[in-house]
Amino acid sequence: MDNLTNFMVTSLIFTPVVGAIVLLFFPSENKSLLRWFTLLVTVLVLLPTLWIALPWSEALSFEINEAGVQNVVQTSWIPSFDIQFFLGIDGISFPLLMLTALISFLAMGASWTIDKYVKSYCVLYLLLLAGMMGVFLSLDFFLFYIFWEVMLLPMYFLIGVWGGPRKEYAAIKFFLYTLFGSVLMLIALLMLYFNSDLRQLSADQLATAHIAAWDEAGQLLSAEDYKTKIDASEYPVHTFNILALQQLGQHTDVFDQVLMFGKSIQWWAFVLLFIGFIIKVPSVPLHTWLPDAHVEAPTPISMILAGVLLKMGGYGIVRICYPICPDAGYDLVWVVCSIGVISMVYGAFAALAQSDFKRMVAYSSVSHMGYVVLGLGVWSATAGAVFDPVSWSMGVKGALFQMIGHGISSAGMFFMVGVIYDRVHHRDLNQFGGLYGKMPVYTAMAMLLFFAGLGLPGLCGFIGEVFVVLSVWKLSATLAAISAAVVILTAAYILWAIQRVYLGPEYRGPHQEELSEINLREMAIALPLCVLAVVLGIFPATMFRYMDATVDQQVSDLVEWTEDVKLPKLRAEREEADKDVAANAP
């Protein structure tokens, strides 16, 4: 770790925090200054992520062939419980970091219409940005949980103060749902922490997990020296290190003790974590907070919600659930995949039934994020499939790509709905029509983003959905067929909305005189999203190149665990059951 890496990585979190503090000293009445300064801070977060993405710096640029964590920042925070300020990026987190920085920058540009309590809005916005970056950077479970909670309060106020007529109801519902998921995550965190024991890992495994410890002189201990030190300990050495918990979950039996109903600690931890994360995704039946939050939230916050916050659920599943608790991931493959498929189907039918433009887009998010859950849950590398990892790897990469593609298209769709709402102050689909004749440039850009959400070939929504559908085939042809059929439902509600809003005979709602063409500021926000929707659709390798090494390594590790640990365990349980049957036979 050099000083440049340390500074650049930590700046992704602390630049927004410092910016929020500086904003407190700005005059409240100078709204323009507040907005421009906040936009500048988001630029200062975006630039380092671009620097890391481009191959310019030998010390800082993302190494696409490196499967493990890179650009690591690690220092002791609460030594008594070995809680560390442990940050790093890999092929799973880095694409989402880029997405977060970009959407936050564009959403701040969309915040120019916010005219009430601008100073408070900007402060909360920057704190939200710090929390989001912290979630994707944290590799200490306790730190991850802190940042997860940090996001909650700014988002609650951003909906509850600057939202629509039912903003208080939507904000409380969002807060309670997310808090419920956080409590489940906290219980799982405690279960894993108090059953972890670093003494069970070898020196090589400790090094792989980036376990760091310092001697009394402040010098970093080598993995061998630290192993010698903890082996002499009389008591278990607990850890919050996510990478170490992954090693313990896959290579030791510390989480395999039976906890309840014959199921192990890691099995129940997976269940608690999975419920907590699918609330954020959100998946059916824990999705009901999302339509209300989207409808009541101001446009830029809807962009953040759809573009970034929903992705944190998927990120938690692939970062924490499967690598740390693979036992339940294997056992519950049908449950996870079914939740994904049900969300896809239900979200699409619900979108078809909406007359509120924004609520329709919100339900489309439920449907599209169902692909993410399905892709992550496709544990197809079983004994029956000769432990072939290709389909599973395709599913995980498809899910990650879907998160990026949906982050771009959904943020764009919500922005386009906001553009027209700012002019006519309603979202009733039945009163729109004929906008193409009045706003041709806006209509063209909106159609492109909606078609990207539809999954049209050549646009960003296509690649992720197709990869997920293909990956499911080996696990279940029925689920693959249903997943493919959802595309028809998606096309139905997207095309119907386009027909009613843009191609209809004439506009029948109020404020017709306000229907003016998209302005330069709005175009500056929509254009990057349109360009990215096309670029990622035509050149998906520009994003896959960041994911490939890390995802392949994670899938390979879990396939090895399936073959070496799970399969012998299942055989032993089957033999035991056969013996019981034979012993009880008449």
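These are my notebook entries on a few features I looked up in this predicted model.

**Entry 1: salt bridges**

I began with the charged pairs. Side chains of opposite charge can pair when their charged atoms come close. With nitrogen and carboxyl oxygen required to lie within 4 Å, the count comes to 15 salt bridges.

I then picked out Asp292, found in helix α11 (residues 289-296). Which residues does Asp292 pair with? One partner is Arg166, with the closest N and O atoms 3.8 Å apart. Arg166 lies in the loop between α5 (141-162) and α6 (167-195), so this pair ties together parts that are 126 residues apart in sequence. Another partner is Arg359, where the closest N and O atoms are 3.1 Å apart. Arg359 sits in helix α15 (residues 357-377), and 67 residues separate Arg359 from Asp292.

I also checked how covered these residues are. Asp292 has a relative accessible area of 8%, so I noted Asp292 as buried. Arg359 is buried as well. Arg166 comes out at 41%, which means partly exposed. I wrote down the wider set too: Arg166, Lys173, Asp292 and Arg359 are linked in a network of salt bridges.

**Entry 2: Lys566 and Asp331**

Next I looked at a pair elsewhere in the chain. Lys566 forms a salt bridge with Asp331, and their closest N and O atoms are 3.0 Å apart. How many residues lie between the two positions in sequence? They are 235 residues apart, with Lys566 in helix α22 and Asp331 in helix α13 (residues 326-331). Is each partner buried or exposed? Lys566 is buried, with a relative accessible area of 3%. Asp331 is partly exposed at 32%.

**Entry 3: a charged patch on α22**

I stayed with helix α22 and followed the chain to Glu575, which belongs to this helix (residues 541-584). Glu575 joins Glu576, Asp578 and Asp580 in a negative patch on the surface.

**Entry 4: helix α4**

I took the span of helix α4 (residues 118-137) from its first C-alpha to its last. The helix has 20 residues and reaches 29 Å, close to the 28 Å expected at 1.5 Å a residue. Why do I call α4 largely enclosed by the rest of the structure? I do so because 18 of its 20 residues are buried.

**Entry 5: backbone oddities**

I finished with the backbone. Most residues other than glycine have a negative phi, and most peptide bonds are trans. I went looking for departures from both.

Which peptide bonds did I note as cis? One runs from Val281 to Pro282, with omega near -10 degrees. Another runs from Val284 to Pro285, with omega near 10 degrees. Pro282 lies in the loop between α10 (265-280) and α11, and Pro285 is found in that loop too.

For positive phi, I noted Asp82, with a value of about 55 degrees although it is not a glycine. Asp82 lies in the loop between β1 (70-78) and β2 (83-89). At 23% relative accessibility, Asp82 counts as partly exposed. I added His511, where phi is near 55 degrees, again positive in a residue other than glycine. His511 is in the loop between α20 (477-501) and α21 (520-538). Its relative accessible area is 35%, so I logged His511 as partly exposed.

Key. Residues numbered from 1 in each chain as written. Predicted model: local features only at pLDDT ≥ 70, side-chain atom pairs only at ≥ 80, totals over all residues. Heavy atoms only, no water. Patch = residues over 30% accessible without salt bridge, like charges linked within 9 Å, V, L, I, M, F, W, Y side chains within 5 Å. Areas by Shrake-Rupley, 256 points an atom, 1.4 Å probe, with all protein chains shown as cover. Salt bridge = Lys/Arg side-chain N within 4 Å of Asp/Glu carboxyl O. Lys, Arg positive; Asp, Glu negative; His and termini not counted. Charge placed at Lys NZ, Arg CZ, Asp CG, Glu CD. Helix = DSSP H or I, 4+ residues; strand = E, 2+ residues; numbered from the N terminus. Expected span 1.5 Å × (residues − 1). Buried < 20%, exposed > 50% of the residue type's maximum accessible area, 1.4 Å probe, protein only.
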